[in-house]
Amino acid sequence: MGNDGARLETKEAGGTGFIAFHAQGEANWTRRDYATLAREGFMRNPIVHRAVRLIAESAASIPWLLYEGVREIETHPLLDLLERPNQRQAGATFLEALYGHLLLAGNAYVELVDAGGEARELHLLRPDRVTVVTDASGWPVALDHREGAARRRVMLDAGSAVHLTLFHPLEDHYGLLAADVRAVLGAQTRLSYGADWSEYFGYHPPDGSGDVFFHLDPLWANPAIDAVGIDNYMPLSDWRDGDYGGGNPDGFSGPYDLQGLGASIAAGEGFDWYYPDGAAREARMRLAISDGVHGKPWVFRYKDIASWWSSQHFDRIAGTEKTSPTDWIPRKKPIWFTELGCPAVDKGPNQPNVFPDPKSAESFTPYFSSGGRSDLAQLRFLEAHMKHWDPAAEDFEEANNPLSPVYGGRMVDFERTYLWAWDTRPFPAFPQRADLWSDGPHWSRGHWLNGRLCNPDVGALVDAILADHGYDDAIIGEVGGSVQGYVIADPATARAAIEPLCELFDLSLREENGRLVVERSGAGAGAVIEADDLVVDDAETVLETVRIPDHELPAEALISFVNPSQDYQAATVRRTRTGVPGARQHMIHFPGVLEPGQAGALLDDWLKRVWYQRETVSFAVPQPNADFSPGALVTLPASATNSDFLITGIDDGMTRKVEARQIIRAAPAPWRETVLPVLQPPPLVAGKPHVLFLDLPAGAGGTEPTEQFRVAVWQKPWRSQIVFASPEDDGFASRQLLTRPASLGQLVEDLEPGVEGRVLRNSYIRVELFDADAASVSLQQMLNGANAAAVRSAAGAWEVIQFRRAEQVADNIWMLSELLRGQLGTTDAMLAGAASGSDFVILDDAVVPAGLAPSEIGLELNWKIGPAATDISDLHFATSRQIGGLRARIPLAPVHLSARLAGADVMLSWKRRGRLDADGWDLPDIPLGEEKEEYRIEIAGPGGETVRTLSTPQPNWLYPEALIAADFGVRPGALEVTVRQAGGPTGWGIPSSSHLKII
């Protein structure tokens with residue numbers, strides 16, 4: 001940008017594949033073409049790859065339904081085309097690719113191709129090979145498709161192509177317009193676009209052309225957009241370690257000087273000056289941001305929000321402004337900070353858009369950062385913005401956030417400031433639950449506010465303590481550091497209460513104009529005074545130096561504190577100073593809450609200070625000499641050292657006698673990360689499991705009776721369940737292990753008796769599912785056995801049903817419709833119906849055989865079911881007495897009963913059903929499935945008692961005229977007939993009863 005603008009950096013989060021940084025810290029962007037982003041951002045990024053695949057596969061699995069009005073059309077050429085779009089792809093594969101194009105490119109192009117005759121095929125066009133062609137009015141009319149050197153045009157008005165898009169704020173034809181989004185979301189939803197702080201205000205091509213484009217103004221001016229959104233990660237400082245020795249060019253007293261940070265919101269880098277490259281940043285060679293031609297430097301200042309907001313915008317071509325402004329109307333819309341944040345890392349305000357990622361090869365720290373953690377960096381950054389923008393803040397300046405005469409609100413709607421980032425995962429489960437979340441190690445120095453937003457900085461803590469002791473007007477200067485808690489266990493003076501803080505965080509106290517001043521030693525001293533005019537008195541020493549002997553200084557220091565990551569237990573950190581004589585040890589008892597890495601860094605600094613500050617000096621200067629006051633820094637040429645000395649006391653008389661101690665003015669030791677202990681998940685506490693035993697007919701997943709006695713178990717939280725059985729009250733043996741919870745529930749409405757063997761379009765049941773889901777299937781899938789379930793009928797037997805459609809209508813409530821009732825011969829249960837509250841089970845792989853032995857069929861057994869690896873007690877295990885394996889051996893009820901006249905006789909006939917291997921169509925008749933064929937017939941008159949019971953070996957019986965006369969006298973017009981097939985443990989099968997008219 002030459003002399004006319006600042007180089008910009010944009011926010012990154014350390015993700016792999018999208019951006020790489022070279023040695024000088026400037027961004028080297030990945031190419032923005034589709035192929036490169038698909039390769040780097042999708043194919044080489046396992047997280048993105050997995051996310052896109054999951055979304056695309058899930059969307060592609062949803063079945064297509066075709067309706068004409070409210071009538072569903074089950075067969076249609078369109079459905080056939082979606083089922084098989086082309087010879088190369090099945091429907092699911094085609095749709096998965098389509099959704100993938102949408103997710104990766106924001107666009108998908110589908111072409112309808114004639115394949116000869118009436119056949120048609122659908123083909124996808126790769127997004128990077130397609131260009132939208134518009135007419136003179138800007139409306140899309142065609143797609144230009146290129147394949148290598150070949151070019152062809154597909155017309156949109158011919159219905160041979162479709163262009164699908166996702167939202168794109170800068171394009172009319174490659175994404176939804178803001179008005180379309182408004183139409184979808186409605187007037188009650190407020191819309192904006194979170195633009196990066198480096199792009200919201202315009203685009204300045206780095207080609208020396210002099211072009212200036214307010215490229216987002218069409219979006220900002222759109223009536224559907226309510227506000228200008230900015231992801232605000234603008235730098236507020238330019239602090240280096242060398243600045244601790246004095247001489248910060250921006251007047252900061254420390255890296256997190258609140259006054260300096262606040263002043264830099266509308267000043268400093270990105271406002272007054274910029275660095276053209278990394279080398280200039282290293283050398284601190286700043287270039288002023290100017291606009292010599294038009295006198296509008298705000299055009300190039302990303303921090304000059306007020307000028308940008310309150311001015312008309314004119315694009316420039318080759319440095320020449322257009323005569324007409326853009327659509328932006330000054331002061332028309334408020335500004336939202338859609339993101340505002342700073343990493344909790346050393347010198348975070350230097351470059352708030354980056355943070356270290358311990359798991360990434362592209363981990364990046366702010367400019368000149370040690371990489372150590374600093375909660376104060378994040379806190380002061382946010383405090384500075386709050387004081388600057390919030391009208392309710394103390395000493396708020398109107399010019400910082402003016403009112404709009406258009407809409408009557410502030411330029412920056414502070415209520416719409418969204419801090420990055422507050423995580424809904426609870427602290428300390430995040431970041432310590434490594435078994436649940438893998439990004440926990442990023443928390444320590446990241447943008448997260450959880451776990452530290454409420455931690456007081458040391459300055460605020462000291463101010464609160466002094467206020468509690470009556471020092472309401474104390475002046476808190478530049479004080480570094482933060483704690484997570486502080487304990488004053490006993491009544492104490494203000495000095496005693498803050499003494500541990502002063503010792504550990506190197507604070508000095510002095511009185512100034514009757515008020516107490518607290519600050520980091522040397523922070524508020526201003527320029528260093530050179531004491532070269534000392535008083536010479538024959539009676540006293542001109543310059544007296546006192547040095548503490550090495551053996552009296554500690555070679556080792558320990559600090560005790562409270563560790564928040566260990567359930568607030570007491571902890572100790574030890575540090576040693578190598579290469580010094582003696583073994584003197586010093587113990588610091590700090591009554592506060594510190595993270596171990598922070599405690600270690602503070603102890604390193606304390607040990608270094610003790611050794612460095614072991615020299616004190618005393619001297620006298622002529623009167624008057626007000627500069628020599630407590631808290632001032634001086635150098636003493638007469639001491640033959642370049643060290644700085646902090647004045648700790650004065651004594652006025654004919655001369656001003658001064659006492660001072662040597663101080664160290666250097667960067668503090670970095671707060672190194674400590675590995676947070678893994679927070680173990682709480683023990684799973686659950687009551688007895690919900691257990692259902694199902695004695696099912698043959699064919700429900702098997703034919704053996706032992707396989708059809710099944711068990712279904714649900715428990716939350718789920719633990720693998722073990723099944724025990726015994727014929728007595730002890731001696732239980734393991735029978736089954738269940739690793740999956742069954743999908744159980746209960747009816748929420750009565751289920752009336754139904755009709756067997758037909759798909760009833762208007763039939764449905766409402767069920768409550770316990771932490772389970774259901775899904776719709778096609779008719780073919782249902783007829784092939786899908787979506788089977790069992791309902792406990794009012795008679796106690798289980799009715800097997802199937803459903804085609806599943807719709808969740810309320811929390812945990814599902815409507816299952818298009819039912820097949822009485823499946824697998826459970827007609828008797830169907831005819832009994834089921835009351836609301838009856839048990840419901842989805843018959844899937846989680847419903848397993850209970851473990852019945854063949855010799856136990858028909859025997860009553862005691863069953864115990866409960867979590868594996870727990871004691872078999874009534875506290876954890878459900879108990880039940882069950883008889884199983886009978887239903888699968890009972891013959892099914894005959895069907896199609898009829899009564900026809902055969903002369904003066906009546907022929908009764910029916911069709912038998914088979915319970916074993918009876919689904920085949922390749923034999924003239926189904927297998928018998930029983931030891932012999934025999935039927936029991938019971939005959940009664942309409943509404944009367946049974947008059948005759950008999951057996952027959954074939955599926956019919958001739959009722960002779962003589963017997964009819966003996967039973968009824970006169971032949972009735974109808975008969976009540978019940979037929980059972982012989983077999984099974986009870987001798988006779990399920991009855992089939994019918995009222996038969998004699999025809």
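**Around helix α13**

I started at D506, which sits just after α13 and takes a positive phi of about 55°. I kept in mind that this is a predicted model.

Next I checked the length of the helix itself. α13 covers residues 494-505, and its 12 residues should span 16 Å at 1.5 Å a residue. I found its end C-alpha atoms 17 Å apart, which agrees.

Which residues of α13 are buried? I noted A494, A497, I498 and P500, and further along the helix L501, C502, L504 and F505. I then looked up what covers these buried residues. The cover includes two helices, α12 and α14 (596-612). It also includes the strands β20, β21 (507-512), β25 (556-563) and β27 (585-593).

**Salt bridges**

I moved on to charged pairs. Side chains of opposite charge can pair when their charged atoms come close. How many salt bridges does a search of the whole structure find? It finds 56, and I picked a few to look at by hand.

My first pick was D346 with K347, a salt bridge whose closest N and O atoms are 2.7 Å apart. D346 and K347 are both buried.

Then I took E478 and R380, where the closest N and O atoms of the salt bridge are 4.0 Å apart. E478 lies in the loop between β19 (475-476) and β20 (485-486), while R380 belongs to helix α10 (residues 375-389), so this pair ties together parts that are 98 residues apart in sequence. I checked burial here too: both E478 and R380 are buried.

My next pair was D439 and R425, a salt bridge with its closest N and O atoms 2.9 Å apart. D439 is in the loop between α11 (429-432) and α12 (458-468), and R425 is in the loop between β18 (412-419) and α11, so the pair ties together parts that are 14 residues apart in sequence. Both D439 and R425 turned out to be buried.

I also came across a network of salt bridges. It links the acidic residues E72, E74 and E818 with the arginines R761, R804 and R805.

**A nonpolar patch**

Last, I turned to the surface. Which residues form a nonpolar patch there? I found I55, L103 and L166, with about 240 Å² of accessible area together.

I followed up on L166, which lies in the loop between β10 (161-165) and α5 (178-185). Its relative accessible area is 37%, so I logged L166 as partly exposed.

Methods
Residues numbered from 1 in each chain as written. Predicted model: local features only at pLDDT ≥ 70, side-chain atom pairs only at ≥ 80, totals over all residues. Heavy atoms only, no water. Patch = residues over 30% accessible without salt bridge, like charges linked within 9 Å, V, L, I, M, F, W, Y side chains within 5 Å. Areas by Shrake-Rupley, 256 points an atom, 1.4 Å probe, with all protein chains shown as cover. Salt bridge = Lys/Arg side-chain N within 4 Å of Asp/Glu carboxyl O. Helix = DSSP H or I, 4+ residues; strand = E, 2+ residues; numbered from the N terminus. Buried < 20%, exposed > 50% of the residue type's maximum accessible area, 1.4 Å probe, protein only. Expected span 1.5 Å × (residues − 1). Contact = heavy atoms within 4.5 Å.
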